[in-house]
Amino acid sequence: MSNEDLLAEIKSRGYWRVEMHSTEYQDKRLPTRRAMQDLLSSATVSLSGWPYPYFPAEDTAYNSKWLEGQVNSGYHKEYWRLYKSGQWVHWLGLSGAWITRERLFEGLSPLPPQHPGYLHVRGDVLFTLTEILRFAVGLAQGGILDPNAFLSIQLHNTHDYMLFESFNRFFDYSYVNQSDRPIEQQQSLPVGELSAVADRMALEMAIEVFSVFGWVPSEASERMLAEDQKKLIERRL
Amino acid sequence: MVNGADIEFYIQHGKEERYLEYKGSMVWTGDDTKVKIAQAMMAMSNLRNGGVIVVGMKEPQRGVWVPDIMTDEQVASFTQDDIAQWVNDYAVPAVQFTVKPFLPGTNKFVVIKVREFDSVPTICRKPKQLGSREVLKKGAIYYRSNMKNESAPISSDEDMRELIALAINKGVAREIERLRVLGFIAAFPTPQEDDAPKYEQEREGR
């Protein structure tokens with residue numbers, strides 16, 4: 001499948017769009033393909049399951065303006081570009097938009113209500129955001145976001161999607177996104193501060209997403225989420 | 001602020017976590033109680049986001065906690081002033097916390113919510129003997145380890161690294177804020193800077 005076709009497919013259902021770059025444009029922060037690949041190799045985050053981003057160096061394409069990569073494997077769909085300026089743009093499909101309800105909730109009876117897509121509280125939101133923000137730290141450490149990083153993280157096409165948790169945790173089926181607007185969060189901050197605040201920022205962004213779905217985590221739930229995030233980071237999951 | 005729903009969650013959770021410690025029914029005036037609570041509070045204060053201690057639980061089988069019977073006298077014995085006076089005689093800097101009774105029905109509980117330290121980790125500043133045992137150690141940093149949910153002096157390099165990282169992050173954030181107030185570094189940039197159109201042109205291949 002061509003990159004254009006895959007991108008259109010990703011955008012046809014729920015997906016994340018991530019954009020990161022320095023606030024100061026320089027056209028050749030990453031002058032060569034080698035520099036781009038080296039940066040991605042060092043910045044890629046692998047905490048559990050698929051790495052963020054999926055980066056098989058041998059399976060990327062370069063056209064002298066940007067390096068691009070894609071994966072289209074079952075329910076996992078993503079496409080990304082890294083420009084010479086250091087600008088990062090990534091479209092990441094939500095797996096819960098592509099798996100059938102019966103498959104996603106196999107073994108559960110009765111099944112949750114039918115929705116066009118489903119978002120797992122931790123896997124699809126908190127852990128994904130944690131990996132995205134940690135990837136931003138990796139880009140910052142590679143020097144391409146100096147002096148200030150601009151981060152934009154958007155969640156698109158999740159109208160009527162349902163938030164869910166693992167079966168062994170009590171979680172209501174009533175948290176559904178009633179809005180058809182993208183959930184967009186953006187921030188600019190000095191790169192030196194990014195590593196200190198990335199995990200906290202990911203947790204706050206996740207809570208913002210949950211809030212749009214109608215779930216406002218209590219203090220106790222926030223503690224649970226923070227602890228789960230910590231376990232992810234320490235690879236104790 | 002811990003609300004009723006949060007406390008109910010902490011009670012119903014029934015399993016100790018790093019940020020959650022259960023204690024059996026007890027009266028504050030006992031030395032053994034004071035030591036256990038002080039250890040837990042110092043340990044919680046050294047954790048990111050602090051923690052919560054629920055008094056009034058019992059452990060009928062290992063690792064499973066359920067509500068215990070706590071008397072009115074036991075509940076009333078836990079007061080903010082008495083706990084602060086005793087615990088902060090040992091803890092330096094002083095542990096910040098709130099203590100509240102929770103009386104949802106027939107069961108009664110005392111909930112102590114401990115705040116994460118402000119600038120430097122909490123250290124036990126003097127020893128405490130109970131009989132021949134030294135139950136609080138001078139210079140010890142009490143902590144709740146990743147490996148085991150108990151409040152004890154730090155003994156692993158991993159826990160020590162984690163605590164140091166937390167303290168450094170706080171210090172760096174404070175220093176940056178100070179420099180920002182003094183005008184030595186710029187205020188936070190606005191979310192979208194002037195170069196945004198250039199990035200957009202780049203994405204559109206212009």
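In the predicted model, chain A contains an open sheet built from 7 strands in the order S2-S3-S4-S5-S1-S7-S9, with antiparallel pairing. The edges of this sheet are occupied by strand S2 (61-62) and strand S9 (183-190) of chain A; each has a single partner strand, so one side of each is left without a neighbour in the sheet.

Within the sheet, strand S1 (residues 15-22) of chain A runs antiparallel to strand S5 (residues 88-93) of chain A, and 6 bridges join the two. One of the bridge partnerships places Arg17(A) opposite Trp91(A) in S5(A). Helix H4 (residues 121-141) of chain A packs on the sheet, where it touches S1, S5 and strand S7 (148-156) of chain A. The direction of H4(A) makes about 20 degrees with that of S1(A). Helix H1 (residues 3-11) of chain A lies across S1, strand S3 (66-73), strand S4 (76-83) and S5 of chain A, and runs at about 120 degrees to S4(A).

Helix H6 (residues 219-233) of chain A comprises 15 residues, which at 1.5 Å a residue should span 21 Å; the end C-alpha atoms are 21 Å apart, in agreement with this expectation. Of these 15 residues, 13 are buried, and H6(A) is therefore largely enclosed by the rest of the structure. Just after H6(A), a positive phi of about 55 degrees is found at Arg235(A).

In chain B, strand S9 (residues 128-130) and strand S10 (residues 133-136) pair in the antiparallel sense over 3 bridges. Leu130(B) has Arg133(B) as its bridge partner in S10(B). The hairpin of S9(B) and S10(B) has 2 residues between the strands, and Gly131(B) in this hairpin takes a positive phi near 65 degrees.

Notes
Residues are numbered from 1 along each chain as its sequence is written. Chains are lettered from A and ligands numbered from 1 in the order in which they are written. This is a predicted model: local features need pLDDT of at least 70, side-chain atom pairs count only at pLDDT 80 or more; totals for chains, interfaces and linings use all residues. Side-chain values use heavy atoms; hydrogens and water are left out. Two strands pair if DSSP finds at least two bridges between them. Helices (H or I, at least four residues) and strands (E, at least two) are DSSP runs, numbered from the N terminus. Contact means heavy atoms within 4.5 Å. Axes are lines fitted to C-alpha atoms, for helices over the stretch in contact, and angles run from 0 to 180 degrees between N-to-C directions. The expected span of a helix is 1.5 Å times one less than its number of residues. Buried means under 20% relative accessible area, exposed over 50%, partly exposed in between (1.4 Å probe, protein chains only).
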